[in-house]
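The exercises below are meant to be worked with the sequence and the 3D view side by side. Try each task before reading its solution.

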Amino acid sequence: MAAGEEVLVVGAGVVGASVAYHLTRLGHERVTVLDSRGPEALPGSTGLAPGFVGQLSATPELAVLAKDSVATYRALSAAADEPAFWQVGCLEVATTEERLAQAHQDVAHGRGLGIEARVLDAAEAVALAPALVDAERALGALHIPSDGAADPAALTRLLAAAAEWAGARFRWRTPVQALEADRGRLVGVRTGTAGELLRADRVVLATGIWGPVLAAGVGVRLPMVDVQHPYVFTAERPELDDTPIDAPIVRYPDHAVYTRRHGRRYGLGSYAHRPLPWEPSATRDSAEVPFQEADRARPLSGHLRRALKDVEGR
């Protein structure tokens, strides 16, 4: 991609804002981001994300990307009045001997990727996150201190502001109706009710679940399968204040559950449920769907159900 090309980025969530931020840092001077909403609206995955930022990955490439993300988030957050990233670390709790053995292997794997990690005993893990680590079942935990949690909305604002400062343009309330192709090559997008053609040398789709809908209009099948994912919150706890997060993110890999503090509440997500496919459409303007009570029982079973009481669905 040449620095003098006109680049249109469709979507101003965290991915679109990040693309604009990195393109301008690489010297691109003609970057325009289009979004159908205003700067405060985040109807897609960004607005619903719990904000976990983990770095230990199966491949070196993903680990490098995650480490670079952490460095970027720390720098942006440190330079702003509005914090957007907290490097509180992550605990992966082992409730079986097999998981504890895996934790020791993960320490060696992390060392090879340049990621510091160590295995804690149960008491050490409980001390770091007493409200979220089950002292009765934990055998130990993998601790990655450089992981953290982000405020997705605040982070998106910081990325967009930095991109604008470097020359990117954000056109709000400019819905993209379709991609425009000429002889098999994208030449721009159609926007607004009048279908105005905005030409560009490159078009970046950063629309998340709506990407396949737009791509299908020009005969391209994006290899994405959209699925629903439950995330629930406790009621507000009297012992908590407005501090966003002050303890590590806690994962239970054997139970496919993860949890963290959100100010006065705790949040919990799980992949231990039946697949919930979702079909996006051009007319649906939000990625949020009603919480299904039937899918709540298994994720919140056992010790986590006891630890996180009075759960409210979202």
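**Exercise 1. A hairpin and its neighbours**

Task: Find how many residues lie between β15 and β16 in their hairpin, and which turn residue has a positive phi.

Solution. Note beforehand that this is a predicted model.
- Step 1. Between the two strands of the β15–β16 hairpin there are 4 residues.
- Step 2. Within that turn, A256 is the residue with a positive phi, of about 55 degrees.
- Step 3. The pairing of β15 with β16 is antiparallel and runs over 3 bridges. Across from Y252, in β16, stands V257.
- Step 4. β15, which covers residues 249–252, also pairs with β5, here in the parallel sense and over 3 bridges. One bridge partner in β15 is I249, which belongs to C90.

**Exercise 2. A second hairpin**

Task: For the hairpin of β11 and β12, state which residue takes a positive phi and how many bridges join the strands.

Solution.
- Step 1. β11 spans residues 185–191 and β12 spans residues 196–199; 4 bridges join them, and they run antiparallel.
- Step 2. R190 has L197 of β12 as its bridge partner.
- Step 3. The hairpin has 4 residues between its strands, and G192 takes the positive phi, near 70 degrees.

**Exercise 3. A sheet of 3 strands**

Task: Give the strand order of the open sheet that contains β8, and say which strands are its edges.

Solution.
- Step 1. The order is β3-β8-β4, and the pairing is antiparallel.
- Step 2. β3 (52–53) and β4 (85–86) are the edge strands, since each pairs on one side only.
- Step 3. β3 is joined to β8 (residues 148–150) by 2 bridges. V53 has G148 in β8 as its bridge partner.
- Step 4. As background, strands of a sheet pair through backbone hydrogen bonds, either parallel or antiparallel.

**Exercise 4. Buried or exposed?**

Task: Decide whether E92, V10 and V227 are buried or exposed, taking under 20% relative accessible area as buried and over 50% as exposed.

Solution.
- Step 1. E92 is found in strand β5, residues 90–94. Its relative accessibility is 18%, so E92 counts as buried. Leaving aside residues up to four places away in sequence, E92 touches D106, G140, A141, L142, R251 and P253.
- Step 2. V10 is found in β1, residues 7–10. With a relative accessible area of 4%, V10 is buried. Beyond residues up to four places away in sequence, the residues that V10 touches include L34, V176, V189 and L214. From V10 to T32, 22 residues apart along the chain, the C-alpha separation is 8.6 Å.
- Step 3. V227 sits in the loop between α7 (211–216) and β14. V227 is exposed because its relative accessible area is 53%. Not counting residues up to four places away in sequence, V227 touches L276, P277 and W278. V227 and W278 are 51 residues apart in sequence, yet their C-alpha atoms are 5.1 Å apart.

**Exercise 5. The second largest pocket**

Task: Describe the lining of the second largest pocket: how many residues form it, and which element gives the most?

Solution.
- Step 1. The volume of this pocket is about 270 Å³.
- Step 2. Its lining holds 18 residues; A49, P50, D151, P152 and H262 lie nearest the centre.
- Step 3. Elements that each supply at least two lining residues are α2 (45–48), α6 (152–165), β14 (231–234) and β16 (257–262). Of the elements, α2 gives the most, with 3 residues.
- Step 4. Sorted by character, the lining residues are 10 nonpolar, 4 polar and 4 charged.

**Exercise 6. The whole chain**

Task: Find what share of the residues is buried, how many helices and strands there are, and where the pLDDT is below 50.

Solution.
- Step 1. Of the 314 residues, 45% are buried.
- Step 2. The protein has 8 helices and 18 strands.
- Step 3. Taking contacts between residues at least 6 apart in sequence, 70% join residues at least 24 apart.
- Step 4. The average pLDDT is 88, and 88% of the residues score at least 70. The pLDDT is below 50 over residues 306–314, a stretch with 36 contacts in the model beyond near neighbours in sequence.

Methods
Residues numbered from 1 in each chain as written. Predicted model: local features only at pLDDT ≥ 70, side-chain atom pairs only at ≥ 80, totals over all residues. Heavy atoms only, no water. pLDDT = per-residue confidence, 0-100. Contact = heavy atoms within 4.5 Å. 1 Å grid on protein atoms, 1.4 Å probe; cavity = no way out; pocket = protein on both sides within 12 Å on 5 of 7 lines; lining within 4 Å. Points joined across faces, edges and corners; volume = space filled by probe spheres on them. Nonpolar A, V, L, I, M, F, W, Y, C, P; charged D, E, K, R; others polar. Buried < 20%, exposed > 50% of the residue type's maximum accessible area, 1.4 Å probe, protein only. Pairing = 2+ DSSP bridges.
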